[in-house]
Amino acid sequence: MRRVYTRKSMTEYDPRLVTPACLHLASKAEESTVQARLLVFYLKKIQSDDKHKYEIKHILEMEMKILEALDYYLVVFHPYRALSQLLPDAGLNDISMTQLTWGLVNDTYKMDLILVHPPYLIALACIYIASVLREKDTTAWFEELHVDMNVVKNISIEILDFYENHRMITEERILSALNKLSMKP
């Protein structure tokens, strides 16, 4: 969905339709298909707005528009593989560090980081944050990697800024923004 909105405007593609269409497309790409019929069923249960009642054909049409917007390229490389290889290498593969870093990586999907930075750098930034939070000295390990620590630290700052800014976004503000979008012609 983020990749779609890097190329298309929210006023051009309604997020209320793009979201289920992306879910449908992603489920196909991951070979665990969620039927469009089921998505429509649940959409009708949660949306009380008659103006935005979508049917199966709407989801399937949007799916094609999404594919075109993405130039039919659905491959996304994830930081999890790098993370699972880097943690033991750093000597940080205890359950506490694994859970913390995994949670940090999960949260990066709420940002555009995966579209901007290579997955291994995101994994390293999450390890860096977790090691600082848990007071683990990873300085020597990072030096052995010969990685640009300025980049790792900048990604870390982006992640931490997200947490700070996320506290300010309330459900009311999100609904207000969606209402403003739906009022546009």
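## The largest pocket and three salt bridges

In this predicted model, the lining of the largest pocket receives at least two residues from each of the helices α1 (2-7), α2 (15-29), α7 (113-116), α10 (149-166) and α11 (171-183). Helix α2 supplies the largest share of that lining, namely 9 residues, and at least three lining residues come from each of domain 1 (1-70) and domain 2 (79-168).

The space in the largest pocket amounts to about 1400 Å³. Its lining is made up of 36 residues, of which M1, R2, Y5, T19 and Y109 are the closest to the centre of the pocket. When the lining residues are sorted by character, 27 are nonpolar, 4 are polar and 5 are charged.

The whole structure also holds 8 salt bridges, and the table gives some of them.

| Pair | N to O distance |
|---|---|
| K8 and E12 | 3.8 Å |
| E63 and K28 | 2.9 Å |
| K136 and D94 | 3.9 Å |

In the salt bridge between E63 and K28, E63 belongs to helix α4 (residues 56-69) and K28 to helix α2, so the pair ties together parts that are 35 residues apart in sequence. E63 is buried because its relative accessible area of 5% falls under 20%, whereas K28, with a relative accessible area of 37%, is partly exposed.

The salt bridge between K136 and D94 likewise links distant parts of the chain, since K136 sits in the loop between α8 (119-133) and α9 (139-145) and D94 in the loop between α5 (79-90) and α6 (95-108), 42 residues apart. K136 is partly exposed at a relative accessible area of 36%, and D94 is partly exposed at 30%.

Conventions. Residues numbered from 1 in each chain as written. Predicted model: local features only at pLDDT ≥ 70, side-chain atom pairs only at ≥ 80, totals over all residues. Heavy atoms only, no water. 1 Å grid on protein atoms, 1.4 Å probe; cavity = no way out; pocket = protein on both sides within 12 Å on 5 of 7 lines; lining within 4 Å. Points joined across faces, edges and corners; volume = space filled by probe spheres on them. Helix = DSSP H or I, 4+ residues; strand = E, 2+ residues; numbered from the N terminus. Nonpolar A, V, L, I, M, F, W, Y, C, P; charged D, E, K, R; others polar. Domains from an automatic or database assignment. Salt bridge = Lys/Arg side-chain N within 4 Å of Asp/Glu carboxyl O. Buried < 20%, exposed > 50% of the residue type's maximum accessible area, 1.4 Å probe, protein only.
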